[in-house]
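The exercises below are meant to be worked with the sequence and the structure side by side. Try each task before reading its solution.

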Amino acid sequence: MNPKKATRATALTIAGSDSGGGAGIQADLRTFHAFGVFGTSAVTAVTAQNTIGVQAVQALDPPIVRRQIESVRADLPPRAAKTGMLANQDIVRAVVAALDGFEVPLVVDPVMVATSGDRLLEPAAVNAILDELVPRATLVTPNLPEAAILAGLPVRSPGAMSAAARIIVDRGAGAALIKGGHLGDAVVVDLLWDGESERVWTSPRIRTTETHGTGCTLSAAITAGLAAGLALETATERGIAFTHAAIAAAPGLGSGRGPLDHWTDPGPE
């Protein structure tokens, strides 16, 4: 038996690698670190991308994705995990199989399209996410286009966000956080439905193009909070505040949609 006593919470990200460093595995690990959580990872795909767009994507073989997750679980058991870019149906199913018996919080960020507009998920994978991964999720965190796909209805208003959240929870998720950034209003609305109560957060919109990796950062921040033992609503509120601050402090890198500032102080628990 290993006599060492864990002194820090661990979290696992299952996602794609972003060569530009602003999203995916790289953003997740930096966000975990900002929250004082030790990050582990399972890479699902390698992308050639930067702030301008995605130039190439190479999905990994599903067995190696599964082995990464099983390896982490065997020696560095995470207190929470998140999924990001899963690329295709076979990888989704490999992830589901590797998470069998996983009893800690799971955040599913259903990454389908990059901020640049490049598609990151094969169409056949959508049904696998809906039927096999969403029912395992503690929380699903879609943006408006993703929520429309998952719920099967247009999502263009706060009322539609509320309806979509309920449909996603009815499909088996523990809770749904619908991110309202795509509404384009002066105030950004984020809506959480946990099957019993609804909570809405509003933030002044920051007029900027420095938004690469926003969804990854938010879902990773919530995952870090859950790994540290925070309640879902508290972890979500803290994650939204961190992401908003990280956008405001973006370092202005690259010539396209730049990354956030992951050195942002997450604030007190």
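**Exercise 1. Find which residues Ile-178 is in contact with, leaving aside its neighbours within four places in sequence.**

Solution. Taking contact to mean heavy atoms within 4.5 Å, we find that Ile-178 meets Pro-142, Leu-144, Ala-147, Met-161, Ala-165, Ile-168, Val-189, Asp-190 and Leu-191. The next step is to place Ile-178 in the largest nonpolar core, which has 52 residues and in which Ile-14, Ile-69, Val-95, Val-140, Met-161, Ile-168 and Ile-178 touch the most other members. Such a core is a set of buried Ala, Val, Leu, Ile, Met, Phe, Trp, Tyr and Cys residues joined through side-chain atoms within 4.5 Å, where buried means under 20% relative accessible area, exposed over 50% and partly exposed in between, with a 1.4 Å probe and protein chains only. There is also a second, separate core of 24 residues, including Ala-9, Phe-35, Val-107 and Leu-230.

Before going further, note that this is a predicted model, in which local features need pLDDT of at least 70 and side-chain atom pairs count only at pLDDT 80 or more, while totals for chains, interfaces and linings use all residues. Residues are numbered from 1 along each chain as its sequence is written, and side-chain values use heavy atoms, with hydrogens and water left out.

**Exercise 2. Work out how helix 5 and helix 6 are placed relative to each other, and which residues meet.**

Solution. Helices are DSSP runs of H or I with at least four residues, strands are runs of E with at least two, and both are numbered from the N terminus. The axes of helix 5 (residues 144-151) and helix 6 (residues 158-170) come within 9 Å and cross at roughly 50 degrees; axes are lines fitted to C-alpha atoms, for helices over the stretch in contact, and angles run from 0 to 180 degrees between N-to-C directions. Helix 5 and helix 6 are therefore oblique to each other, given that angles under 35 degrees count as roughly parallel, over 145 as roughly antiparallel, 65 to 115 as roughly perpendicular and the rest as oblique. On the helix 5 side the contact is formed by Leu-144, Ala-147, Leu-150 and Ala-151, and on the helix 6 side by Met-161, Ala-164, Ile-167 and Ile-168.

**Exercise 3. Decide whether helix 2 and helix 3 are roughly parallel or roughly antiparallel.**

Solution. Helix 2 (residues 62-75) packs against helix 3 at an angle of about 25 degrees, with the axes 8 Å apart, and the two are therefore roughly parallel. Helix 2 contributes Pro-62, Val-65, Arg-66, Ile-69, Glu-70 and Arg-73 to the contact, and helix 3 contributes Asp-90, Ile-91, Ala-94, Val-95, Ala-97 and Ala-98.

**Exercise 4. Is Ala-87 buried or exposed, and what is the sign of its phi?**

Solution. Ala-87 sits in the loop between strand 4 (80-83) and helix 3 (89-98). At 8% relative accessibility Ala-87 counts as buried. Although Ala-87 is not a glycine, its phi is positive, about 70 degrees. Most residues other than glycine have a negative phi.

**Exercise 5. Locate Pro-105 and say how far it lies from Thr-138, C-alpha to C-alpha.**

Solution. Pro-105 belongs to the loop between helix 3 and strand 5 (106-108), and its 24% relative accessibility makes it partly exposed. Pro-105 and Thr-138 are 33 residues apart in sequence, and their C-alpha atoms are 5.5 Å apart in space. Not counting residues up to four places away in sequence, Pro-105 touches Arg-79, Ala-80, Ala-81, Thr-138 and Leu-226.
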